[in-house]
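Reader: I have a protein model open and would like to go through it with you. Could we begin with the pockets and then move on to contacts between side chains?

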Amino acid sequence: MNQKERMLAGLPYKAELDGLKEERVKNEIKIHEYNFSHPAEQDKRQELIRDILGKAGENLHINPPFYCDYGKNIEVGSNFFANYNCTILDVGKVVIGDDVMFAPNVSVYTAGHPIHPDSRNSGYEYGIGITLGNNVWIGGNVIINPGVVIGNSVVVGAGSVVTKNLPDNVIAAGNPCRVIREITENDRKYYFKDKEFDVQDYK
């Protein structure tokens, strides 16, 4: 296996070998063009971001600035929205479902390094994939660590550090992130805490 194959297989690999550095530089150029594109050039932005990502569904919107390592290891479903300053370190596969929203400053880290200093200084690192289900809302300044799987219809509170998998239909928050409670049918009528909708077309 070459170093790229090892990287994508979740094995220890060296990031400067077998063309990986060149791939990252090529993607950096695309990212630079996207991040400095004119706001009036929405069609151009769509072309650029779809060229960066490996796969994307309909209704894709990522507010610049956006950062990633390779881009092609990221798959997002339909109706994906990421607010400002999203960072996805995609040395491992990142798969995101439909109807997912990221608040500002969300960081998705598949990348990591060995704990022991001798192992770390050897130059080996790793990437372990991350998966997010459908209807997920990630709050501002959330960090998602390597290997995490987040279920469907999950809300992650702002400032959380997600180190373990989260099941479907829960609110989770904290550092480390933990389940606070389940999301129930009763939550439908509220738009913020105990504030109820004063319109009917939200259902």
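Reader: Which element gives the most to the lining of the second largest pocket?
Author: Helix α2 does, with four residues. Please keep in mind that this is a predicted model.

Reader: Which elements give two or more residues to that lining?
Author: They are α1 (3–8) and α2 (20–35). The residues that line the second largest pocket are Lys4, Met7, Leu8, Glu23, Lys26, Asn27, Lys30, Tyr70, Lys72 and Asn73.

Reader: How do the residues of this lining divide into nonpolar, polar and charged?
Author: Five are charged, three are nonpolar and two are polar. The space in the second largest pocket is about 180 Å³.

Reader: And how much space lies in the largest pocket?
Author: The largest pocket holds about 890 Å³. Its lining has 26 residues, and those closest to the centre are Trp137, Val155, Ile171, Ile183 and Tyr190.

Reader: Which strands supply at least two residues each there?
Author: Strands β14 (137–138), β17 (155–156) and β21 (190–192) do. Of the elements, β21 gives the most, with three residues. The lining of the largest pocket consists of 12 nonpolar, eight polar and six charged residues.

Reader: Let us return to Glu23. With which residue does Glu23 form a salt bridge?
Author: Its partner is Lys4, and the closest N and O atoms are 3.1 Å apart. Both Glu23 and Lys4 also appear in the lining of the second largest pocket.

Reader: What does that pair tie together?
Author: Glu23 lies in helix α2 and Lys4 in helix α1, so the salt bridge ties together parts that are 19 residues apart in sequence. Glu23 is partly exposed, at 31% relative accessible area, and Lys4 is partly exposed at 31% as well.

Reader: How many salt bridges are there in the structure?
Author: The count comes to seven. One of them joins Lys44 and Glu33, at 3.8 Å from N to O. Lys44 is in helix α3 (residues 42–52) and Glu33 is in helix α2, so this pair ties together parts 11 residues apart in sequence.

Reader: Where do Lys93 and Glu75 lie?
Author: Lys93 is in the loop between β7 (86–89) and β8 (94–96), while Glu75 is in strand β5, 18 residues apart. These two residues form a salt bridge whose closest N and O atoms are 2.9 Å apart. Lys93 is partly exposed, at 38%, and Glu75 is partly exposed, at 22%.

Reader: A change of topic: how many aromatic pairs does the structure hold?
Author: It holds three aromatic pairs. Among them, Phe80 and Phe102 are edge-to-face, at 5.2 Å centre to centre with 80° between the planes. Phe80 lies in the loop between β5 (74–76) and β6 (81–82) and Phe102 in strand β9 (residues 101–102), so the pair ties together parts 22 residues apart in sequence.

Reader: Is Phe80 buried or exposed?
Author: Phe80 is buried, with a relative accessible area of 2%. Phe102 is buried too, at 1%.

Reader: How are Phe197 and Tyr202 arranged?
Author: Their rings are stacked, 3.8 Å centre to centre with 5° between the planes. Phe197 is partly exposed, at 29%, and Tyr202 is partly exposed, at 26%.

Reader: Which residues do ring pairs link into a cluster?
Author: The cluster consists of Tyr191, Phe197 and Tyr202.

How values were computed: Residues are numbered from 1 along each chain as its sequence is written. This is a predicted model: local features need pLDDT of at least 70, side-chain atom pairs count only at pLDDT 80 or more; totals for chains, interfaces and linings use all residues. Side-chain values use heavy atoms; hydrogens and water are left out. Rings of Phe, Tyr and Trp (its six-membered ring) pair if their centres lie within 6.5 Å; planes under 30 degrees apart count as stacked, over 60 as edge-to-face and the rest as tilted. Buried means under 20% relative accessible area, exposed over 50%, partly exposed in between (1.4 Å probe, protein chains only). On a 1 Å grid over the protein atoms alone, a cavity is a set of points where a 1.4 Å probe fits but cannot get out, and a pocket is an open set with protein on both sides within 12 Å along at least five of seven lines; lining residues have an atom within 4 Å of a point. Grid points are joined across faces, edges and corners, and a volume is the space filled by probe spheres set on the points. Ala, Val, Leu, Ile, Met, Phe, Trp, Tyr, Cys and Pro count as nonpolar, Asp, Glu, Lys and Arg as charged, and the others, Gly among them, as polar. A salt bridge is a side-chain nitrogen of Lys or Arg within 4 Å of a carboxyl oxygen of Asp or Glu.
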